[in-house]
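Here are some notes for a colleague who is opening this structure for the first time. They are set out as numbered points, to be read with the model in view.

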Amino acid sequence: MENKLHLSVSPHIHRKRTTTGIMLDVIIALLPTTIAGVLIFGLRALAVIGVCVGTSVLSEVLFNLIIKKKQTVKDLSCIVTGLLLALNLPANAPLWQCAVGSVFAIIVVKCLFGGIGKNVVNPAITARVFMLVAFTSLATPAFPVDSTAGATPLVSETAPELTDLLLGKVGGAIGEVCSVALLIGGVYLLIRKVISWHIPVAFIGTVFIFSFLVKDFSLSAALVQVLSGGLLIGAIFMATDYTTSPETSLGKIVFGVGAGLITALIRFWGVYPEGVSFGILLMNILNPYICSLTARKLFGGGKKK
Amino acid sequence: MAFSIKGIKVPHRKNTAGTEVKRMVIENTVTLPMVMHIGAPAVPVIKAGDEVSIGTLVAKAGDGISSPIYSSVSGNVVGISDVVISNGRKVPAIKIDSDGKNTVDENIAAPVITDKATLINAIKDSGVVGLGGAGFPTYVKFNTDKAIDYLIVNCAECEPYITSDTYTMLERADEMAYAIDVILKYIDVKKVIIGIEKNKRTAIAKMKELASKNSKISVKVLPSVYPTGGEKVLVYRTTGRVIKEGKLPADVGCIVCNCTTLATLGNYFKTGMPLVEKCVTVDGSAIQNPQNVIVPIGIAIKDVFEFTGGFKSEVGKVIYGGPMMGISVPSMDEPVLKQTNALLALNEKDSKQGEETACIQCGTCVRNCPFGINVIELARSYEKGEYDKLEKYGLGICMECGCCAYNCPANRPLVQLHKLAKISLREWKEKEGNA
């Protein structure tokens, strides 16, 4: 019996949470939105989701095979990326474009930088921006199957009903229209402590206050800004990506406010109707600087030089 | 600006708190390594064949910082031979065969203490070292010329499982009080603060009773957040004073002393019986009957486990001390040391470490570090070999409490990484002449 004991450095107990578990929680939190998207936009939406997730997984497996790296599919992060990208695309997106976008997200943005945890910018967001620029057809998004509306809320002349925005009876990407489903997912992630409130609240709060000021102190107009476009899915699911956002609470707030400001500026004065993706992408790039400026102080002030 | 010391919630698992404590009577051999403390090894003063009793000096303190060792059984010295201790070092150890009679050395008498110098000598002669687990010779802490405002009694016991300090507080409060009285008589201390985590209600009541007898003593109830018992954390939480990097509690006018250390000193001041036995918590997922048991120092771990009723499943790992900072031992032949406060046996399943995956920069390590160490950047700098940056990110104040590694979803062995980084930094400084 002796001499067969395990030896290791402390600690000898561990909180039972793994990267795979966290990714699984994110997928669970995205389920209401995914289901709502398929119900609203029909089976074409399911095809987009299938192609994005499938291509993402395949890209990662093949990349790891080619460079002879240990397979990392087990951590489920490529499924999260594929799912998030799909939810950010319109249901009528050409499937070959979905596949190209997914390959771009996994290979170019993630794997070439060293895989999970090493990417500088969020893969799904970056792929979405890439597709928006590369495939102009994506600028005219799909509409709910039972809808006759002609424009997405952010470019529409008439203000949409708040209940339509909550339930997703508006045009837009598969996963951005049903605000209720997104909020349910957000609450789940908060309860499971996968994310903290700082980034979503700072991000959404900034857009709300900015819109409130610009739209002549109209509460309803500001609310429409919050519930329209990709703000909720961006603020809850994409800006909170661990790798590309700050670690400290202060850093998260700076990150959220910055992303909110860029989003609002683009929405009101930019050439694109939507600015969430650009807001997150630009803040991803600034992330290392935010991290070093908002780092925690050392107890006792650290070593005196 | 006030610093917010972070920490983590760990499972308490104090199964053995307040339970009946058995005393182990043995007829086995004990092994006394000459290093059961931080500092120079003790020097044997006996030879094979000598007859010893409980409390007989078998090794005197070495030069510099060191501590003497006394026999924990009565019987005959088998000899002195090298043993490998749990950190991998080979040290000489005295083996003594017990005659089962447990005769006490007749020369034992209470020390004569008349001033600070004789008090310090008595503390040194008691063989007492930091019994909370650190094993730092206690007399060194008291032997300071700096003005001491606070004597802080560490009753936090923030590690899961361990309740041997709780036993001390419940059953040995008189000895603690006696030690405090003697110390206050010869060392000018303004206040004595007993710091204790709030999850120990009966012990808090007992300590408050102790404090009520002396206006200089007060009890400070602390949050049950790991690692409240860490020295710098405890000093900050009880006095608000910050011990800077590389400084000691005495530099901010404090002496920190674990409660069992204090009780053992009290017993020595009163009776002259040096440190020869320890109350240890025997627990863990492989243990049949979790309990506290008083054992002679030097007894083999396997004998203690046998005495407490053995295992309920196959043992995968055995730990000296708590699961957060304890040391895993290579063999159950290892002896109970002076500073051993718990012996944990984990089953095979709990002994395995999860597979390490890539860091996802979630930042829980950074947010949970009690001292604000930038664990992510530190690990990155270490792995890149940028040793000049290690101190900037806080390596020098790392106490290896394990809050970072406990929460890491990627199962990264961060404490191990910090230990290696400290060695690399030291070597790098020597090479570069940057010390």
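1. In chain B, B:Leu151 stands opposite B:Ile255 in strand β12(B), and this pair belongs to a parallel pairing of β9(B) with β12(B), residues 254-258, that runs over five bridges. Please keep in mind, here and in every point below, that this is a predicted model.

2. Strand β9(B) also has a second partner, since it pairs in the parallel sense with strand β10(B), residues 189-197, over seven bridges. Within that pairing, B:Ile148 is the residue that stands opposite B:Val189 of β10(B). Is β9(B) buried or exposed along its length? The strand, which spans residues 148-155, is mostly covered, and eight of its eight residues count as buried.

3. Elsewhere in chain B there is an open sheet of four strands, in the order β2-β8-β7-β4, and its pairing is antiparallel. The edges of this sheet are formed by β2(B), residues 29-33, and β4(B), residues 51-52, each of which pairs on one side only. At the β4(B) edge, two bridges join that strand to β7(B), residues 75-84, and the two run antiparallel. A reader who wishes to locate this contact can look for B:Glu51, which stands opposite B:Asn76 in β7(B).

4. Chain B also holds an open sheet of three strands, ordered β3-β5-β6 and again with antiparallel pairing. Here the edge strands are β3(B), residues 43-44, and β6(B), residues 69-70, and each of them pairs on one side only. Strand β5(B), residues 57-60, pairs with β6(B) in the antiparallel sense over two bridges, and in β6(B) it is B:Ile69 that stands opposite B:Ala59.

5. Turning to chain A, the chain is divided into domain 1, made of residues 20-149 and 160-194, and domain 2, made of residues 196-294. The centres of these two domains, taken over C-alpha atoms, are separated by 19 Å. As for how they meet, 34 residues of domain 1 of chain A are in contact with 24 residues of domain 2 of chain A.

6. A search of the whole structure for enclosed space finds five cavities of 30 Å³ or more, and the largest cavity has a volume of about 330 Å³. It is lined by 24 residues, and those closest to its centre are A:Met23, A:Val80, A:Asn122, A:Asp241 and A:Tyr242. The elements of chain A that give two or more residues to this lining are α1 (19-41), α3 (77-87), α5 (123-134) and α10 (231-238), with α3(A) giving the most, namely four residues. By class, the lining has 15 nonpolar, seven polar and two charged residues.

7. Where does the largest cavity lie with respect to the domains of chain A? Domain 1 and domain 2 of chain A both give residues to its lining, so the largest cavity lies between them.

8. The second largest cavity holds about 110 Å³ of space. Of the 15 residues that line it, B:Cys369, B:Pro370, B:Ile373, B:Cys398 and B:Cys401 lie nearest its centre. Two helices of chain B, α12(B) at residues 403-407 and α13(B) at residues 414-432, each supply at least two residues of this lining. The residues of the lining divide into 12 nonpolar, two polar and one charged.

9. Among the pockets, the second largest has about 860 Å³ of space. Its lining is made up of 41 residues, of which the closest to the centre are A:Glu247, B:Gln361, B:Ile376, B:Glu377 and B:Arg380. The elements giving two or more residues to this lining are α12 (276-293) of chain A, together with α10 (364-368) and α11 (375-384) of chain B.

10. Which element gives the most to the lining of the second largest pocket? That element is α11(B), with six residues. Taken by class, the lining residues of this pocket divide into 20 nonpolar, 13 polar and eight charged.

Methods. Residues numbered from 1 in each chain as written. Chains lettered and ligands numbered in written order. Predicted model: local features only at pLDDT ≥ 70, side-chain atom pairs only at ≥ 80, totals over all residues. Heavy atoms only, no water. 1 Å grid on protein atoms, 1.4 Å probe; cavity = no way out; pocket = protein on both sides within 12 Å on 5 of 7 lines; lining within 4 Å. Points joined across faces, edges and corners; volume = space filled by probe spheres on them. Nonpolar A, V, L, I, M, F, W, Y, C, P; charged D, E, K, R; others polar. Buried < 20%, exposed > 50% of the residue type's maximum accessible area, 1.4 Å probe, protein only. Pairing = 2+ DSSP bridges. Domains from an automatic or database assignment. Contact = heavy atoms within 4.5 Å.
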